[in-house]
Amino acid sequence: MALFSSLTPVFIAIICVLIGVIMKKSGEKEKRDTKSKHPSRLWVDEDLKDGTDHPLEEEEGEEEWQGLEENVAHVLFTGERYSEAEMIERSQTFYELLNKRRSVRFLSDEPVPREVIDNVIRTAGTSPSGAHTEPWTFVVVQDPYLKHKIREIVEEEEEINYKKRMGDRWVNDLKRLRTNWIKEYLDTAPYLILIFKQVYGRLPNGKKKTHYYNEISVSIACGILLAALQNAGLYTVTSTPLNCGPQLRVLLQRPANEKLLLLLPVGYPRKDATVPALTRKPLEDIMVVM
């Protein structure tokens with residue numbers, strides 16, 4: 001009995017160790033089971049994250065001048081005013097124009113006037129932005145060598161995206177649109193427009209300047225750009241080259257404060273171009289009147 005009593009603490013210690021080992025193995029098995037259920041999970045490209053919520057370095061300081069005039073002059077504004085009938089007609093006409101917009105992946109190499117590209121980007125530059133920081137850079141690529149290098153970078157990463165990174169559901173959803181990692185339009189389109197968001201700017205003294213809501217601001221500018229392209233009779237497909245941003249930034253010699261948000265091949269449709277026969281949600285499904 002005395003021997004048993006002296007060994008009891010040893011037995012208890014052994015039992016505790018065994019329980020710990022069993023629980024650890026059980027936890028590892030649960031993790032393996034979870035991984036087997038989700039062999040590939042969706043991810044977010046670092047370039048697509050908005051840095052607005054991340055404070056800049058201490059060098060900036062709350063009292064730091066941000067490069068804007070302390071007292072901006074205000075001038076009298078007089079906007080266009082139309083009759084109710086003309087407003088209805090103009091809004092209907094504009095809707096009909098943009099309702100013809102389609103994502104076109106089969107683009108012709110037919111030349112497009114450079115002045116048109118200049119004008120649509122000027123139009124995108126009219127977009128509102130946080131504290132009027134205008135945190136966008138539109139890089140227009142027309143050089144065949146650069147376009148092909150862009151295609152090589154995008155296709156290499158996109159093949160990995162489709163085969164390893166993207167979930168089965170995502171890949172299957174794209175099958176009905178007949179899209180894959182082959183991006184021929186990056187070679188054939190007369191222009192590629194790469195839209196970079198400036199996550200911060202630079203003050204005259206070299207310190208960082210906050211760009212508020214930079215991703216939202218640039219996204220609005222992209223929407224205006226799409227409308228301007230449609231108005232000019234040009235077509236594109238919105239391309240988000242995931243995991244390609246850093247390589248494309250280096251290729252195009254853009255600074256570290258710029259991150260790629262969108263890539264637009266721009267041109268005319270090929271004569272044999274096709275698009276999916278998709279429909280859009282009716283007004284009652286996208287609008288709530290309170």
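Colleague: Where does His132 sit, and what makes it count as exposed?

Modeller: In this predicted model, His132 lies in the loop between α3 and β1. Exposed means over 50% relative accessible area, and His132 has 54%, so it is called exposed.

Colleague: What is said about the phi of His132?

Modeller: His132 has a positive phi of about 55°, although it is not a glycine. Tyr213 also has a positive phi, about 50°, and is not a glycine either. You'll find Tyr213 in the loop between β4 (208-210) and α7.

Colleague: Why is Tyr213 called partly exposed?

Modeller: Buried needs under 20% and exposed needs over 50%, with partly exposed in between. Tyr213 comes out at 49%, so it lands in that middle class.

Colleague: Which residues make the nonpolar surface patch with Tyr213?

Modeller: Tyr212, Ile216 and Ile220 join Tyr213 there, and the patch covers about 390 Å². Patch members need over 30% relative accessible area, and Tyr213, at 49%, clears that cut-off.

Colleague: Back to α3, then. How do you know that its buried residues line one face?

Modeller: The buried residues in helix α3 (residues 114-124) include Ile117, Val120, Ile121 and Ala124. Looking down the axis of α3, the buried residues fall within an arc of 100°, so they line one face of the helix. The general rule helps here: an α-helix has 3.6 residues a turn, so residues three or four places apart point the same way.

Colleague: What is on the face turned away, and what does the buried side pack against?

Modeller: The face turned away carries the exposed residues Glu115 and Arg122. The buried residues of α3 pack against β1, β2, α7 (214-231) and β5.

Colleague: Why is β2 called largely enclosed?

Modeller: Buried means under 20% relative accessible area, and 8 of the 8 residues of β2 (residues 191-198) are buried, so the strand is largely enclosed by the rest of the structure.

Colleague: Which residues of β2 point which way?

Modeller: Tyr191, Ile193, Ile195 and Lys197 point one way, while Leu192, Leu194, Phe196 and Gln198 point the other way, and all are buried. In a regular strand the side chains alternate between the two faces of the sheet.

Colleague: What makes β1 and β5 partners of β2?

Modeller: Pairing takes at least two bridges. β1 (residues 136-141) has 6 bridges to β2, in the antiparallel sense, so that counts as pairing. β5 (residues 258-266) has 8 and also runs antiparallel to β2, so that pair qualifies too. As examples, Leu194 in β2 is the bridge partner of Val139, and Leu260 in β5 is the bridge partner of Phe196.

Key:
Residues are numbered from 1 along each chain as its sequence is written. This is a predicted model: local features need pLDDT of at least 70, side-chain atom pairs count only at pLDDT 80 or more; totals for chains, interfaces and linings use all residues. Side-chain values use heavy atoms; hydrogens and water are left out. Buried means under 20% relative accessible area, exposed over 50%, partly exposed in between (1.4 Å probe, protein chains only). Helices (H or I, at least four residues) and strands (E, at least two) are DSSP runs, numbered from the N terminus. The arc is that of the directions from the helix axis to the C-beta atoms. Contact means heavy atoms within 4.5 Å. Patches are made of residues with over 30% relative accessible area and no salt bridge: like charges are joined within 9 Å, nonpolar side chains (Val, Leu, Ile, Met, Phe, Trp, Tyr) within 5 Å. Accessible areas come from the Shrake-Rupley method with a 1.4 Å probe; for residues, only the protein chains shown count as cover. A salt bridge is a side-chain nitrogen of Lys or Arg within 4 Å of a carboxyl oxygen of Asp or Glu.
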